[in-house]
Amino acid sequence: MANKVQVPSDVIFTIRRYDPDNDEAPHYEDYKVHVDPGMTVLDGLHVIRETQDPSLAWRYSCRMGVCGSCGMLVNGRAMLACNNQILDISNRRLLIAPLPNFSIIKDLVPDLGLMFDKHRALHPYLIRESDKEEMENPTGEYEQSEKELVRYLQFSYCIRCGCCMAACPTLATDDSYLGPMPLAQGYRWNADTRDEGFDDRRSVAGDTHGAYRCHYAGECSNVCPKGVDPARAIQLLKTQLVKDYFHLMKKGAGCQSQSSRTGNERNPKIPDPPPFTVEKT
Amino acid sequence: MRETKWWAWHMIAGIVIFVLLGLHMLITHFDDILGWFNVLGPSHAIEWQNVVARAQDVFFAATYIILLVAALFHGLYGARTIICEMNIGVGVRKFVDVLFWLVGLSLLIVGTWAAIASMAIKV
Amino acid sequence: MAEGKHYPNKLGIAGWAFRGRWGVDRYLYTLHRITGLGLLLYFLIHIIVTTSRAFGPEAWAQWMDMFAHSWIGYGEYLVFLAFAFHAFNGVRLVILELFGGVGKPIEPIYPYKTSLNTQRPLMVIIILIIVVVVLVGSYDFFVHTKPLFQ
């Protein structure tokens, strides 16, 4: 793995190309790249584009594993191109293809639109109806203890790269399955004590193509580049839904705003907000 | 919510089957070694006198019916799950649901009738 | 949204079985499906066959003779194998999905340990149990050979 001594090599990149204007179907093309130790797959793709074939297309942005743009299938495994060094994977040949289970726009660029639609369907934001006044005119923080934070922290590290969706066996055949990323994010908000939106998410998460189409193959957690462990989130989501069905769900006290504890005085340590840029109607 | 209900009972049925079918496997396949179920005698579990002995025992008749319900529900819901994950349309899914309900209920009626009718066999 | 001609790129059923470097749990899932379908098929026929006991010893013997002197008896061994795997893996799945076997959420620190690591001991124990059950059952089927199988 990462402790292997890397030796400069010539590596063949076999890349699945597809040009929507000219091609009927994808095909493979070979490029020989001289790889120095430390080069990532993303660096290799840049070398190809700059010196051999300027028409190669793929997504990238931060080149450091936080934006989630460069997800692709490398030697059969879904991973971020920027996060993995070529010589850690192979010193002979890299087979690079776009993420499976998404349709291909061009070359290595998948269409992630469906994933984001499913994500939206699970209301992945704070829903808190009981505190409307506080939400509009905040007077203080919603404090989270360490225990409350760790309930959802690892699931909040998701960078929406789509690697988990590519690795999921259910998504391989079922287009309508929500997928590990949306479900894990749904659980992230359910587990957040500040959130009150479980009822809104329940019908989507417990739907025919919701959490129950996961059968714990665990591939999503296997490939996740940020350790989000969506498989764990989905099983915990199922437990929540079943407990709720049997009316065994403990309704916690939730997280109270600071103002409800100390009266409606705004915490003096918090600076005033900037003036509204949009007229409030 | 409906899917939650069905899936929750799918899990519960699985546990019920684990216990009852385990028992059934012990009786039909392991009793030669274990000899625990002496009410059947030391002979083979599927020979006629043992079959009748079990059929007329209320415990066996009742647990056969429970096992039948649990296994039909668990198995058919599992098969429905596999089919639903194959990108079928809503219409096909509804057809599969109706078909499986029909198959399940018919086999349930057949099996329950057999369990009750065989309590009255004369050896 | 990106418009234009998109090329479909789904793995299909191959995505259930083989496509790349996967963990053991994925193969357990595929095997669970296959054994489940096999068991269901056997079960539906089994209901019809055992219903014959309500019609008296002759009807029963007719069915049993059909199975005794044929390869179908060996099919029962496969059913037993399928049951051993499906039942104990099913117990593992119930523990993972309903009783918190996946472990509590943690703060992820690289190198990441996921729920796959947390459930590994359970998986190993379950597989060992399956192996033991299969060995004992195989002894009963083949060593204690019943005259039915001749």
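**Reading the contacts of chain A**

Mentor: Welcome! In this predicted model, the C-alpha centres of domain 1 and domain 2 of chain A lie 30 Å apart.

Trainee: Which residues of chain A belong to each domain?

Mentor: Domain 1 covers 9–110, and domain 2 covers 113–245.

Trainee: How many residues does each domain give to the contact?

Mentor: Here two residues are in contact if their C-beta atoms, placed from the backbone, lie within 7 Å. Counted that way, domain 1 of chain A brings 16 residues and domain 2 of chain A brings 12 residues.

Trainee: Which elements of chain A supply at least two residues of the side of domain 1 that touches domain 2?

Mentor: Those are β3 (71–74) and β4 (77–80) of chain A. The largest share on this side of domain 1 is 4 residues, from β4(A). By class, the domain 1 side holds 10 nonpolar, 5 polar and 1 charged residues.

Trainee: And how should I think about the size of an interface?

Mentor: In general, the size of an interface is often given as the accessible area lost when the parts come together. For chains A and C we have residue counts: 41 residues come from chain A and 38 residues from chain C.

Trainee: Which elements give two or more residues to the side of chain A that touches chain C?

Mentor: Look for β6 (104–106), α7 (169–173), α10 (219–223) and α11 (230–245) of chain A. Here α11(A) has the largest share, with 7 residues.

Trainee: How many residues of each class does that side of chain A have?

Mentor: The side of chain A facing chain C has 20 nonpolar, 13 polar and 8 charged residues.

Terms used:
Residues are numbered from 1 along each chain as its sequence is written. Chains are lettered from A and ligands numbered from 1 in the order in which they are written. This is a predicted model: local features need pLDDT of at least 70, side-chain atom pairs count only at pLDDT 80 or more; totals for chains, interfaces and linings use all residues. Domain bounds come from an automatic or database domain assignment. Ala, Val, Leu, Ile, Met, Phe, Trp, Tyr, Cys and Pro count as nonpolar, Asp, Glu, Lys and Arg as charged, and the others, Gly among them, as polar.
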